[in-house]
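Trainee: I'm new to this one. Could you walk me through how some of its labels are earned?
Mentor: Sure, have a look first.

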Amino acid sequence: MDAVAVVEDEVRELVRRRGLDPLTDPLAVRGLVEEVVADYDERSLSGGLPPLVDVGSAVRSVLDAVAGFGPLQRYLDDPTVEEVWVNEPGRVFVAREGRSELTTTILAAGVVQDLVERMLKTSGRRVDLSSPFVDATLPDGSRLHVVIPDVTRRHWAVNIRKFVVRAAHLGDLVGLGTLTPQAARFLEACVVSGLNILVAGGTQAGKTTLLNTLANAIPARERVITCEEVFEIQPLLPDVVAMQTRQANLEGTGEIRLRRLVKEALRMRPSRLIVGEVRQEECLDLLVALNSGVPGMCTVHANSAREAVVKMCTLPLLAGENVTTAFVLPTVASCVDVVVHTATDADGRRRVREIVAVPGRVEGDVVEVEDVFVTRDGALVRADGYPPHQDRFTRAGFDLADVLRHGSTEGR
C-alpha cells in the first residue's frame, strides 16, 4: 500500500470515530486531512513508513477521495471542463469549449459504482436493476445521468454536465459572442413585454444558459415558477419557486412527472412559468398554461426554429388520442410568440443562429413563422419579420421599431 492510501485509510477511520460528515463539515474534514498528512509525513522520517512524495498533492488526493468524488473531482474543480463522462473504468472523457478529449484517468474496478452511490446520496434518487436510469443534481449544481447494465452492454455509463456559470445576463452572452447587442436587446424587450419564448437547439448548444439569461431579464416584481427534470434553472430574482420531478420509490409509487409540476404551478399564482425542457406529453400542459394567460419560456431539442415549432405541434399528441392537430395547431400559433435557435459552431463556440416570430397564423397544417434575425455570412443580422403583440411592447415602454432598428431600449 502506498503512502497516500495509508493516509486515506487513517482519515476515513478518524472521520468515522469523530462522526464527521464530509458534506456538512467540509472545513473540519479538510483540517483533519491536513493534520493526518502532517503527522504521517513526520512519522515517515523515521523510515518505518513509505514517504509522501508531495505533501500538497497528498492532501488534495485524500480530500478528493474522502470528501469529493475521487479521481473525477479534479475535473469537477477545473473551470475549463464543461462535462465529464465515463464509458468504462479505463475510458474517462471530458469536454472543453465544446470539444471532447480522452483523459489519462483510469478508475479501479468497482470505483465507478462507489462514486455513483456517493453522488446520489444527497439527491434521494437511486439506480438499480428495476430503475436502470437516473437523473440527479450534484451539490454544486452539476447534472448527473447514469445508465447501468443490462441497458448498457457491460459497464456503467456516467455523464456529469457541469453548471458552468459563464453568463447570467443577456449582456454576458453578447460578450461571449453568442448574441449581437441588437438581438440581445430585442430579446430583453420580448421578456419584459411578456411574450412567450421557446429556446431551441441541439445537445450542449447552450439552451439552458440562454434560458437562464432570459429568465434574469424578467422584471423583479414578478413571481416565477420553474419546472424541471432536475434543477438547472437559477433565476437571480427575489420571488422564485423551483420544482423538479421525482422518480418512483422501491414500491413503484410516488413518482412525480413533469406534467404534474406544470399543472401544480398554475395553482401557485405564477406571473411567469419556466419549463426546463419539453420532451413528451407535458408539452400539452405547457400550452394549456400559456393559453390561460401565464407568460412562459421553455427549451426543446430541435435543429432549427421552424423544426422547434413543428415539434411543439407534435409532442402534445402524445398526451392521448383525444388530443388532435385541430386543437394543437391553432394553440401553438397563438401561444408561442418567439423562437430562438442556438447551435455550436465547429470551433466549439455557441451562437444564436436565428430568431423567428410566430404571428399566429396557420396555413393548412403549417404554423407560419417570420424571420426576425437570421445568420448571413456567419453573422446574426436583422431580417424583415416582426413579433406579435406589438401593443405589449408599447405598454412596457418600448419603441419596437427603434429596438429592431438600433437595439435601443432607452426610454423604457
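What follows is a short chat about two helices, a pair of strands and one loop residue.

Mentor: Keep in mind that this is a predicted model.

Trainee: Why are α1 and α3 called oblique to each other?
Mentor: The axes of α1 (residues 3-18) and α3 (residues 55-67) cross at roughly 50°. Angles under 35 degrees count as roughly parallel and 65 to 115 as roughly perpendicular, so a value between those ranges is oblique. That's why α1 and α3 get the word oblique. Their crossing is right-handed, too.

Trainee: Which residues of α1 and α3 meet?
Mentor: V4, V7, E8, V11, R12 and V15 in α1 meet A58, S61, V62, A65 and V66 in α3. The residues of that contact split into 8 nonpolar, 1 polar and 2 charged.

Trainee: What makes β16 and β17 a pair?
Mentor: Two strands pair if there are at least two bridges between them. Here β16 (residues 370-376) and β17 (residues 379-382) have 4 bridges, in the antiparallel sense, so they pass that cut-off. One of the bridge partners is L380 in β17, matched with T375. The two strands form a hairpin with 2 residues between them, and D377 in the turn has a positive phi of about 50°.

Trainee: How do you know that Q247 makes a polar contact with S131?
Mentor: Their side chains are 3.2 Å apart, and the cut-off is 3.5 Å, so the pair counts. The Q247 side chain also reaches the backbone nitrogen of R126 at 2.7 Å. Q247 sits in the loop between β9 and α9.

Conventions:
Residues numbered from 1 in each chain as written. Predicted model: local features only at pLDDT ≥ 70, side-chain atom pairs only at ≥ 80, totals over all residues. Heavy atoms only, no water. Polar contact = N/O pair within 3.5 Å; in protein donor to acceptor, adjacent residues only side chain to side chain. Axes fitted to C-alpha atoms, helices over the stretch in contact; angles between N-to-C directions. Parallel < 35°, antiparallel > 145°, perpendicular 65-115°, else oblique. Left-handed = near helix turned anticlockwise from the far one by under 90°. Contact = heavy atoms within 4.5 Å. Nonpolar A, V, L, I, M, F, W, Y, C, P; charged D, E, K, R; others polar.
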